[in-house]
Amino acid sequence: MANIKGAAKWFGSAIAGVTFGGLLASASTYRATWGLTCVAEAPFYAVQLVYVNLANNQITGLRAIAGVTETVALNVLANLCKPVINGVTYGVMAAPGTVNGFFPLTWGGAPTPTIPASATSTQIVASDVLPLNSVPRADVPGGLNAAVFRIDHDPAVGGKFWFVAASPAMRTATLENRGRIIQTFNYGADALTNPGLNLALSAESHLIFPIFHYAVPSITCVVATDSTGQNDQLVSGIFTSWGYRGCADASTPARPVNYVNLGCSSKGAPEFWARTQELVAAGIIPDRLVISPASVNDGYVIANLARTFAEHRSRAMEIVRFARANGIAHVCFIPLLPYNDLNALQDRYRVEFNAWLGTVAGASVLSFPGIGDGAVPERWVRAMNHQGDKFHPSEFCIETVMARALTAYLNNVG
């Protein structure tokens, strides 16, 4: 059987190491239990929880619990971030032999992980596998199966933490999020010792994401690029990038497709390539790696174009080699997109580099037809460009061109 694990990470990842210093000063000291309710792409029989430490300090003492639920409706306060099964809310730890309540997560058999500081790299830790069978949805019959997680962490004793914004637009099903709801909660104290405590809706969360274990072969698709792929400032849902939408549109219960956003806004290719390698080192191996071997943020200094071209070609070949060595079945390159400030010489480099990508054995290249005007030098079609900023895709482009291109790739490869 092919891989049955599917990681689902919706936020981007840009930190230290290649281009940044340290994050201790800006990490959070807020004491709370954080909650997450999300859906999986198909029925599942086990879960893991992944924690991403971006703070320049060690994290200890963190505890987590997980359960399954039949509803993600927000109209009953007592149901929020709790297991609900057969119409009963279970704000308790589950009794042996049932799924009626929460279960403790462990890390290497221990109740808490020790996560190193992110002084020079992202620190990613996945929990042990927790056997946990999903239950059918009652609020939306036939809907995507849902899981709930709670994490308790006291930064005063266990280390400051980084967090991610979670838009209220993600709390309910929309066309933009394709029904893949993400609800985040918090409670300003320990709500794990007493899991019956109610959590309030929150607009941010720890950097956590789930891995679901399905009974059918699944796909985990990583999209690693700059802000043209992270998209958090370009779409109202924050998380609903073209990668998010393209994976959702390709996903079916018989072949669930799970999306991992490794977009690094404002960063160059060395940054998101480093983040990709860190994810793989943590044991999260994508089945499809969709990645930019070059970024608009790498620069187009005319005097350095030949050297830049060589560096980008070398990175593309290293990505293919790394994928083969680490069991990544398919690589797909994201070409350099138009950039309206390029002169004819710089744009010729972009066109020639993109053409060269198409010759690399062992990799595909995504095509985004109609985003440029075909001129020399090429410019964005106005409707495809975000607020005329010269290099980002618009919401229209994300929805009608880029997401569809990814869906087509996923449906036609492997």
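Which residue of E10 stands opposite Thr 69? In this predicted model, the answer is Ala 146. The two residues belong to a pair of neighbouring strands, E4 (residues 63-69) and E10 (residues 146-153), which run antiparallel and are joined by seven bridges. Zooming out, E4 and E10 are part of an open sheet of six strands, laid out in the order E7-E4-E10-E2-E12-E13 with antiparallel pairing. At the edges of this sheet are E7 (103-104) and E13 (200-201), each of which pairs on one side only.

There is also an open sheet of five strands, and here the pairing is parallel. Its order is E17-E16-E18-E19-E20. E17 (257-261) and E20 (364-365) have just a single partner strand each, so one side of each goes without a neighbour in the sheet. As a general point, strands of a sheet pair through backbone hydrogen bonds, in either the parallel or the antiparallel sense.

Within the five-stranded sheet, E16 is a good place to start. E16 runs parallel to E17, with five bridges joining the two, and Ile 219 stands opposite Val 257 in E17. E16 also runs parallel to E18, this time with four bridges, and there Val 222 stands opposite Leu 289 in E18. Going on through the sheet, E18 (residues 288-291) pairs with E19 (residues 330-333) in the parallel sense, again over four bridges. Ile 291 is found opposite Phe 333 in E19.

How many of the six residues of E16 are buried? Six of the six are, so the strand is largely enclosed by the rest of the structure. In a regular strand, side chains alternate between the two faces of the sheet. E16 shows two such sets: Ile 219, Cys 221 and Val 223 point one way, Thr 220, Val 222 and Ala 224 point the other way, and all are buried.

Helices also pack against this sheet. Helix H5 (residues 305-325) touches E18 and E19, and its direction makes about 160° with that of E19. Helix H7 (residues 395-412) lies across E16 (219-224), E17, E18, E19 and E20, and runs at about 150° to E18. H5 has a helical neighbour too: its axis and that of H4 (residues 269-281) come within 12 Å and cross at roughly 5°. H4 and H5 are therefore roughly parallel to each other. On the H4 side, the meeting residues are Ala 269, Pro 270, Trp 273, Gln 277 and Val 280, while H5 contributes Arg 315, Glu 318, Ile 319 and Phe 322.

Helix H3 (residues 242-250) is another well-covered element: eight of its nine residues are buried, so the helix is largely enclosed by the rest of the structure. Among the buried residues are Trp 242, Tyr 244, Arg 245 and Cys 247. Their cover includes E12 (182-187), E16, helix H2 (227-230), E17 and H7. E12 is a strand of the six-stranded sheet, while E16 and E17 are strands of the five-stranded one.

Aromatic residues add one more layer to the picture, with 17 aromatic pairs in the structure. In one of them, the rings of Phe 309 and Phe 353 have their centres 5.7 Å apart and their planes at 75°, so the pair is edge-to-face. This pair links distant parts of the chain, since Phe 309 is in H5 and Phe 353 is in H6 (residues 344-357), 44 residues apart. Both Phe 309 and Phe 353 are buried.

Phe 353 has another ring partner in Trp 356: the centres are 6.0 Å apart and the planes are at 25°, so this pair is stacked. Phe 353 and Trp 356 both lie in H6, three residues apart, or about one turn of the helix. In general, an α-helix has 3.6 residues a turn, so residues three or four places apart point the same way. As for accessibility, Phe 353 is buried, with a relative accessible area of 1%, whereas Trp 356 counts as partly exposed at 21%.

These rings belong to one aromatic cluster, formed by Tyr 300, Phe 309, Tyr 339, Tyr 349, Phe 353, Trp 356 and Phe 391. Phe 309 has a charged companion as well: the charged end of Arg 313 sits over the ring, 4.6 Å from its centre.

Notes. Residues numbered from 1 in each chain as written. Predicted model: local features only at pLDDT ≥ 70, side-chain atom pairs only at ≥ 80, totals over all residues. Heavy atoms only, no water. Pairing = 2+ DSSP bridges. Contact = heavy atoms within 4.5 Å. Axes fitted to C-alpha atoms, helices over the stretch in contact; angles between N-to-C directions. Phe/Tyr/Trp six-rings, centres within 6.5 Å; stacked < 30°, edge-to-face > 60°. Buried < 20%, exposed > 50% of the residue type's maximum accessible area, 1.4 Å probe, protein only. Lys NZ or Arg CZ within 6 Å of the ring centre and 35° of its normal. Parallel < 35°, antiparallel > 145°, perpendicular 65-115°, else oblique.
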